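Visitor: Hi, I've never looked at this one before. Could you walk me through it?
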Amino acid sequence: MFATKIDVDGKLIWAEAEDPVIQEDEVLLEIHAAALNRADLLQRAGQYPPPPGWPDRFGLEAAGVIKAVGKKVEAEGRWHVGDSVCALLGSGGYAEYVAVPEGMLMPIPKGLSMTEAAALPEIFGAAYLFLFLEGHLKEGETLLIQAGASGLASVVIPMAKAFGARVLTTVLNDEMAKAIFHLPTDRVIVTEHEDLSEVMKTELEEGRGVDVCIDCLGGETVGKCLPYMNFDGRWIMIATLAGDPTCVNLRSMYARRTKLIGTNLRSRTPEQKKKLLGDMVDLIWPKVESGEIRPTIFKVYPIQEAEEAQALMQSGKSAGKICLSVK
């Protein structure tokens with residue numbers, strides 16, 4: 001088979017690779033489309049290695065057709081050769097084929113293309129984890145998500161709105177604000193000329209304080225904003241693109257019962273991921289099929305142009321998911 005590798009010049013190329021061999025509890029997935037995630041860039045920088053047992057390649061989510069099933073999968077009878085599925089991967093999505101544990105598979109929601117389906121597993125799984133398992137978001141609460149033009153935000157915002165939350169988001173400039181105009185946000189905060197901590201202070205004083213924040217930026221802004229969360233607020237750190245250190249006023253945290261939570265999806269056990277994906281299919285898939293929640297596809301590249309796709313993500317100029325067409 002062919003897969004994306006790094007050549008001697010450090011560039012991504014489409015080259016021959018070893019065929020995957022499936023175990024008894026796995027299926028062989030012929031990949032039709034894959035999607036990019038920020039974790040791909042971290043992995044390329046040596047900061048986010050794949051979990052044990054997964055190939056040393058990129059790609060956390062993909063969609064395609066099952067070409068073979070292991071003996072245990074065949075005996076259980078849930079998945080069959082020819083089924084169209086999307087899959088959450090430890091790595092390996094930038095390829096023609098990948099071996100996938102049966103618990104990481106999900107049916108493709110009705111009405112979605114392979115490209116749209118490829119943009120679901122990692123980003124929807126992460127959104128569900130951050131919003132509901134870590135954030136315990138409830139109807140009527142206020143959510144703040146940083147980096148509103150990101151692929152994650154393109155899912156989190158409509159998902160939170162579909163479950164009755166009020167949603168604020170941040171973007172760097174007015175151009176990015178225009179790019180996410182289609183998303184159902186209640187307030188877009190343009191940080192180029194608005195101070196997030198001051199906005200949060202005003203929101204709190206007016207009785208609309210933030211209950212849950214999903215933050216991929218980090219940096220000094222975190223410490224400045226934490227004192228302006230609602231009582232029992234949950235600030236969820238998922239990355240630190242703006243810097244690792246911050247200065248936290250601990251007194252304000254215990255006084256307001258604020259929770260600062262660090263989390264990610266990739267390092268969770270297969271059992272945890274299987275449970276999460278099963279719950280997500282039951283709770284989220286009906287809203288995907290009804291059109292309440294859909295992934296925002298920003299651009300699709302041929303798999304041979306994975307280098308250009310990652311460069312676009314690195315540039316920060318995308319607004320939604322970047323995908324790769326494999327077949």
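Guide: Happy to. One term before we start: contact, or touching, means heavy atoms within 4.5 Å. Also keep in mind that this is a predicted model.

Visitor: Okay. So which residues does W285 touch, leaving out those up to four places away in sequence?
Guide: W285 touches C86, M106, P107, I108, P109, L120, F124 and M280.

Visitor: And which members of the largest nonpolar core touch the most other members?
Guide: That would be F124 and W285, in a core of 80 residues. Helix α4, residues 121-134, gives this core its largest share, nine residues.

Visitor: Is there another core apart from that one, and how many residues are in it?
Guide: There is another, lying apart, with 15 residues; L144, L196, V222 and M229 are among them. As a general point, nonpolar side chains tend to be buried together in soluble globular proteins.

Visitor: Let's switch to the sheet. What's the strand order?
Guide: In this open sheet of six strands the order is β10-β9-β8-β11-β12-β13, and the pairing is parallel.

Visitor: Which strands stand at the edges?
Guide: β10 (187-190) and β13 do; each has a single partner strand, so one side of each is left without a neighbour in the sheet. From one strand to the next, the twist averages 15°.

Visitor: Tell me about β8. Are its faces covered or not?
Guide: Both faces of β8, residues 142-145, are covered. T142 and L144 sit on one side, L143 and I145 on the other, and all are buried. In general, side chains in a regular strand alternate between the two faces of the sheet.

Visitor: How many bridges pair β8 with β9?
Guide: Four, with β8 and β9 (residues 166-171) in the parallel sense. In that pairing, L144 stands opposite L168 of β9.

Visitor: Through which helix does the chain cross from β8 to β9?
Guide: Through α5, residues 151-162, and this β-α-β crossover is right-handed. α5 lies across β8, β9 and β11, and runs at about 175° to β8.

Visitor: What about β8 and β11, how many bridges join them?
Guide: Three, and β8 and β11 run parallel. L143 has V212 in β11 as its bridge partner.

Visitor: And how many bridges go from β11 to β12?
Guide: Five, between β11 (residues 210-215) and β12, which also run parallel. You can find V210 opposite M229 in β12, and C213 opposite W235. With helix α8, residues 220-225, β11 and β12 make a right-handed β-α-β unit.

Visitor: Is β12 mostly covered or mostly open?
Guide: Mostly covered: seven of the nine residues in β12 (residues 229-237) are buried. β12 also pairs with β13, residues 259-262, over four bridges in the parallel sense. There, M237 stands opposite G262 in β13.

Visitor: New topic: where is E61 found?
Guide: E61 is in strand β4, which covers residues 61-69.

Visitor: Why does E61 count as buried?
Guide: Because its relative accessible area is 0%, and buried means under 20%.

Visitor: Which side chain does E61 join in a polar contact of 2.6 Å?
Guide: The side chain of K321.

Technical notes
Residues are numbered from 1 along each chain as its sequence is written. This is a predicted model: local features need pLDDT of at least 70, side-chain atom pairs count only at pLDDT 80 or more; totals for chains, interfaces and linings use all residues. Side-chain values use heavy atoms; hydrogens and water are left out. Buried means under 20% relative accessible area, exposed over 50%, partly exposed in between (1.4 Å probe, protein chains only). Helices (H or I, at least four residues) and strands (E, at least two) are DSSP runs, numbered from the N terminus. Two strands pair if DSSP finds at least two bridges between them. A crossover is right-handed if, with the strands pointing away from the viewer, the path from the first strand over the helix to the second runs clockwise. A nonpolar core is a set of buried Ala, Val, Leu, Ile, Met, Phe, Trp, Tyr and Cys residues joined through side-chain atoms within 4.5 Å. Axes are lines fitted to C-alpha atoms, for helices over the stretch in contact, and angles run from 0 to 180 degrees between N-to-C directions. A polar contact is a pair of N or O atoms within 3.5 Å; within protein, one must be able to donate a hydrogen and the other to accept it, and residues adjacent in sequence count only if both atoms are side-chain atoms.
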